[in-house]
Amino acid sequence: MAVNKVKGTYDVLPSESYLWQALENQIREVLGQYNFKEIRTPIMEYSEVFHRHTELSDMVTKETYDFDDRGDRKLTLRPEGTAGVIRSYVENKLYTSQELEKVYYIGPNFRYERPQKGRYRQFYQFGVEAIGTVDSALDAEMIILAYDFMKRLGLKGVRVKINSLGDEESRQNYRKALEDHFQPHVHELCSDCQQRITKNPLRILDCKVDQKHKAVKEAPTPQDYLNEVSRAYFQKVLQHLNAAKISYEIAHKLVRGLDYYSHTVFEIEADIEGFGAQNALGGGGRYQKLVSELGGPDLGGIGFACGMERLLLALEAENVAFAKESELDAYVIVFSEDLKVVATKILYELRVSGVKADMNYTQKSFKAQLKQALKMNSKYLIILGDDEYQKGVVGIKNTKTEKQEEVVISKIKKYMTEKLEKK
Ligand code: HAM
């Protein structure tokens, strides 16, 4: 019985994996320049890391993969990176060694969403978190980093949208305003939103069912409820962005789909013709309560994450190509079973010297082997035949110039490393 992949997942095939490797290399390079260090946390966490009483987002209430392990512990496959990173930050007391911890992560996340192009049930994110310090310059750094990263990837069509939800007081006032706004429409909204009105009216704004309702479209925006302190903080963030000449839009309606945000929130969208509905390449914002909610001190953080599949789709849509993996340096063709032992020795010596080499393992005619060898796209072919072996030599053919030379077997390594300019 053939078994297929799980709905909403995909395979990265050997012919495509260089794209992922190139993207990961770029992530590590840019994040290193911004002084972020990698953190690796588990894919599964105890469910309460995500299912905190304050979290009422769809992602947490409806989309998580929750299960009991064989010891009846309640576990959840991470739907996002931030909560697990903060759990680790608190558990390892990272706040005792650094005032500001700047970390990044790359890895899979799991959300039970309706799959479509750019939206999967297992998807990869890279994300960053700067935890421990509240400073508008840091908020700006996040946005600059996200923007810089995408530009350096070669993406042209990116749009930065930012907004502020304000501090706790501003958020409470905004919440109250939303509650008053939605109350007259309570019976026109979906059953979830009827509950959300009193529990967390912000989540009505990103409800997939009620998106088109007039009351949602006409809802008040957070900007109207920012207090002095929050307004000043946001202005400072914008000043930094202006100084760095980053182009952005203030998106008054942007609230983000997760509950932990306050102050700055932002999203990076693909602005590419025909890209499709899943155009959020990344998003993030400041969180002031997550650390204390997960048992740590009263410290804030800010971060963002980008969907790696969407970045690759955006690159494809804009015809930006990553360099393909380098081709093989040498491919050994062997003409008899006995000579394979000799080939194994040659290959080992070449590889140890840094030569990218392989051999054919199937016994076929010379013609068939040559055909296969050419398909391998190798710079050199090392031809090991019985007659040559008797003479203690091999034929080495440069596939570009088609020039073939006889080389003494004990000199292959020297010959190849000189030709390839390897040490
Ligand atoms: P998020 O907006 O839920 O934020 O996800 C960030 C990005 O992950 C999205 O912009 C999108 O590119 C990608 N993404 C999300 N869901 C899917 C999916 N089902 N399939 C493919 N790609 C997807 C967060 O996850 C926050 N933890 C970001 C953050 C970090 N906030 C503060 N620090």
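**Sheets and helix packing in a predicted model**

Q: In what order do the strands of the open sheet of five strands follow one another?
A: In this predicted model, five strands form an open sheet in which the pairing is mixed. Strand 12 (residues 330-334) is joined to strand 13 by three bridges, and these two strands run parallel. Read across the sheet, the order is 13-12-14-15-16.

Q: Which strands stand at the edges of this sheet, each with a single partner strand?
A: The order of the sheet is 13-12-14-15-16, and because an edge strand has a single partner strand, one side of it is left without a neighbour in the sheet. The strands in that position are strand 13 (357-359) and strand 16 (404-408).

Q: By how much are neighbouring strands of the five-stranded sheet turned against each other on average?
A: The sheet has mixed pairing, and the direction of the strands is ignored when the turn between neighbours is taken. On that basis, the average turn between neighbouring strands is 25°.

Q: Which residue is the bridge partner of Val332 in strand 13?
A: Strand 12 and strand 13 run parallel and are joined by three bridges. One residue pair that can be located in the structure places Val332 opposite a residue of strand 13, namely Met359.

Q: What angle does the direction of helix 11 make with that of strand 13?
A: Helix 11 (residues 340-352) packs on the five-stranded sheet, where it touches strand 12, strand 13 and strand 14 (380-384). Helix 14 (residues 412-419) lies across strand 12, strand 14, strand 15 (393-398) and strand 16, and runs at about 135° to strand 16. For helix 11 and strand 13, the angle is about 170°.

Q: Which strands are the edge strands of the sheet of eight strands?
A: Eight strands form an open sheet with mixed pairing, in the order 1-5-6-11-10-9-7-8. Its edge strands each pair on one side only, and they are strand 1 (37-38) and strand 8 (249-250).

Q: How many bridges join strand 6 to strand 11?
A: Strand 6 (residues 122-131) and strand 11 (residues 301-307) run antiparallel, and Gln125 stands opposite Gly307 in strand 11. Helix 10 (residues 308-317) packs on this sheet, touching strand 5 (101-110), strand 6, strand 10 (280-287) and strand 11, with its direction at about 110° to that of strand 6. The number of bridges between strand 6 and strand 11 is seven.

Q: Why is helix 4 described as oblique to helix 8, and at what angle do they cross?
A: The axes of helix 4 (residues 136-153) and helix 8 (residues 228-243) come within 8 Å. Helix 4 passes helix 8 in a right-handed crossing, and the contact includes Ala140 and Ile144 of helix 4 and Tyr233 and Leu241 of helix 8. Helix 4 counts as oblique to helix 8 because their crossing angle lies outside the ranges for roughly parallel, antiparallel or perpendicular axes, being roughly 50°.

Q: How many residues in the contact of helix 1 with helix 4 are nonpolar?
A: Helix 1 (residues 17-33) and helix 4 pack at an angle of about 140°, with their axes 11 Å apart, and helix 1 passes helix 4 in a right-handed crossing. Leu23, Gln26, Ile27, Val30, Leu31 and Gln33 in helix 1 meet Leu145, Phe149, Arg152 and Leu153 in helix 4. By class, two residues of this contact are polar and one is charged, while the number of nonpolar residues is seven.

Q: What is the hand of the crossing in which helix 5 passes helix 6?
A: Helix 5 (residues 168-182) and helix 6 (residues 191-199) pack at about 140°, with their axes 9 Å apart, and are therefore oblique to each other. Arg175, Glu179 and Phe182 in helix 5 meet Ile197, Thr198 and Lys199 in helix 6, a contact with two nonpolar, one polar and three charged residues. The crossing is left-handed.

Notes. Residues are numbered from 1 along each chain as its sequence is written. This is a predicted model: local features need pLDDT of at least 70, side-chain atom pairs count only at pLDDT 80 or more; totals for chains, interfaces and linings use all residues. Side-chain values use heavy atoms; hydrogens and water are left out. Two strands pair if DSSP finds at least two bridges between them. Helices (H or I, at least four residues) and strands (E, at least two) are DSSP runs, numbered from the N terminus. Contact means heavy atoms within 4.5 Å. Axes are lines fitted to C-alpha atoms, for helices over the stretch in contact, and angles run from 0 to 180 degrees between N-to-C directions. Angles under 35 degrees count as roughly parallel, over 145 as roughly antiparallel, 65 to 115 as roughly perpendicular and the rest as oblique. A crossing is left-handed if the near helix is turned anticlockwise from the far one by less than a right angle, and right-handed if clockwise. Ala, Val, Leu, Ile, Met, Phe, Trp, Tyr, Cys and Pro count as nonpolar, Asp, Glu, Lys and Arg as charged, and the others, Gly among them, as polar.
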